[in-house]
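Student: I should like to learn how to read the features of a protein model in a systematic way. May we work through one together?

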Amino acid sequence: MFERMSLQTDEDEHSIEMHLPYTAKAMESHKDEFTIVPVLVGALSETKEQEFGKLFSKYLADPCNLFVVSSDFCHWGQRFRYSYYDESQGEIYRSIEHLDKMGMSIIEQLDPVSFSNYLKKYHNTICGRHPIGVLLNAITELQKNGMNMSFSFLNYAQSSQCRNWQDSSVSYAAGALMVH
């Protein structure tokens, strides 16, 4: 089900470089006791997200494994060619936050179908929508087998507060999946 990425794709991708310093610090007392297995998730169909979710579910169920799923949230502004704005939310940055928090709420519900429908409706520019879809489908698979989990977002921020059409920002959110 997997394919090797080209050297150019590997060099263009930067998400693992964002995580390695934190992982190294968090795991420094266990530095010789674990292996990192990076998986780059590209553009997938909903069916492929389900297939990969099912595949990864057995690894997600193993408490010896740690998954880090990375994604920015909304990329808003002309340079990103995305400018959804709900005037009822007030300033542009508040509309962006509302849009992101709708998606975050759906992720917290652990519902891959609703998350997919949200993306189709709003076209939010969430880079990691496909890895999130894979994770949600893995969780769904485990819930079918009686595993109880919950997801909560811990923090949310925007790179800047957009107030006019020339502004731009990227949103960031951090969350955690708990197994009960």
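The dialogue below proceeds from the chain as a whole to single helices and then to single residues.

Tutor: This is a predicted model, in which local features need pLDDT of at least 70, side-chain atom pairs count only at pLDDT 80 or more, and totals for chains, interfaces and linings use all residues. Residues are numbered from 1 along each chain as its sequence is written, and side-chain values use heavy atoms, with hydrogens and water left out.

Student: How many helices and strands does the protein chain have?

Tutor: Helices (H or I, at least four residues) and strands (E, at least two) are DSSP runs, numbered from the N terminus. The protein chain has six helices and three strands. Along the sequence, their pattern is α-α-α-β-α-α-α-β-β.

Student: What does the radius of gyration say about the protein chain?

Tutor: The radius of gyration is taken over C-alpha atoms, and the globule rule is 2.2 Å times the number of residues to the power 0.38. For the 180 residues here the rule gives 16 Å, and the radius of gyration of the protein chain is 17 Å, close to that value, so the chain is as compact as a globular protein of that length. Along the principal axes, the C-alpha atoms fill a box of roughly 50 × 35 × 30 Å.

Student: Which figures describe burial, surface and contacts in the protein chain?

Tutor: Burial rests on relative accessible area: buried means under 20%, exposed over 50%, and partly exposed in between (1.4 Å probe, protein chains only). Buried residues make up 31% of the 180 residues in the protein chain. Accessible areas come from the Shrake-Rupley method with a 1.4 Å probe; for residues, only the protein chains shown count as cover. The accessible surface of the protein chain comes to about 11,600 Å², and 52% of it belongs to carbon and sulfur atoms. A contact means heavy atoms within 4.5 Å. Among contacts between residues at least 6 apart in sequence, 67% join residues at least 24 apart.

Student: How should a helix such as α4 be read, and what is its span?

Tutor: The expected span of a helix is 1.5 Å times one less than its number of residues. Helix α4, residues 92-108, has 17 residues and reaches 24 Å from its first C-alpha to its last, close to the 24 Å expected. Its buried residues include Ile92, Tyr93, Ile96, Leu99, Asp100 and Met104. Among the elements that cover the buried residues of α4 are β1 (75-76), α5 (112-122), α6 (129-144), β2 (149-158) and β3 (169-179). After α4 comes Leu110, with a positive phi near 60 degrees.

Student: Is α6 largely enclosed or largely open?

Tutor: In α6, 12 of the 16 residues are buried, so this helix is largely enclosed by the rest of the structure. Among the buried residues are His130, Pro131, Asn137 and Glu141, as well as Val134, Leu135 and Ile139. The buried residues of α6 pack against α3 (46-60), α4, α5, β2 and β3. From its first C-alpha to its last, α6 reaches 22 Å, close to the 22 Å expected. Just after α6, Gly146 takes a positive phi of about 90 degrees.

Student: Where does a residue other than glycine have a positive phi?

Tutor: One case is His123, whose phi is near 55 degrees. His123 lies in the loop between α5 and α6 and counts as exposed, at 53% relative accessibility. Arg81, also not a glycine, has a positive phi of about 55 degrees. Arg81 is found in the loop between β1 and α4 and, at 75% relative accessibility, counts as exposed.

Student: What separates residues in space when they lie apart along the chain, as with Pro63 and Val179?

Tutor: Sequence separation and C-alpha separation are read side by side. Pro63 and Val179 are 116 residues apart along the chain, and their C-alpha atoms are separated by 9.1 Å. Pro63 is found in the loop between α3 and β1 and counts as exposed, at 79% relative accessibility. For Ser114 and Ile96, 18 residues apart along the chain, the C-alpha separation is 19 Å. Ser114 lies in helix α5 and is partly exposed, with a relative accessible area of 25%.
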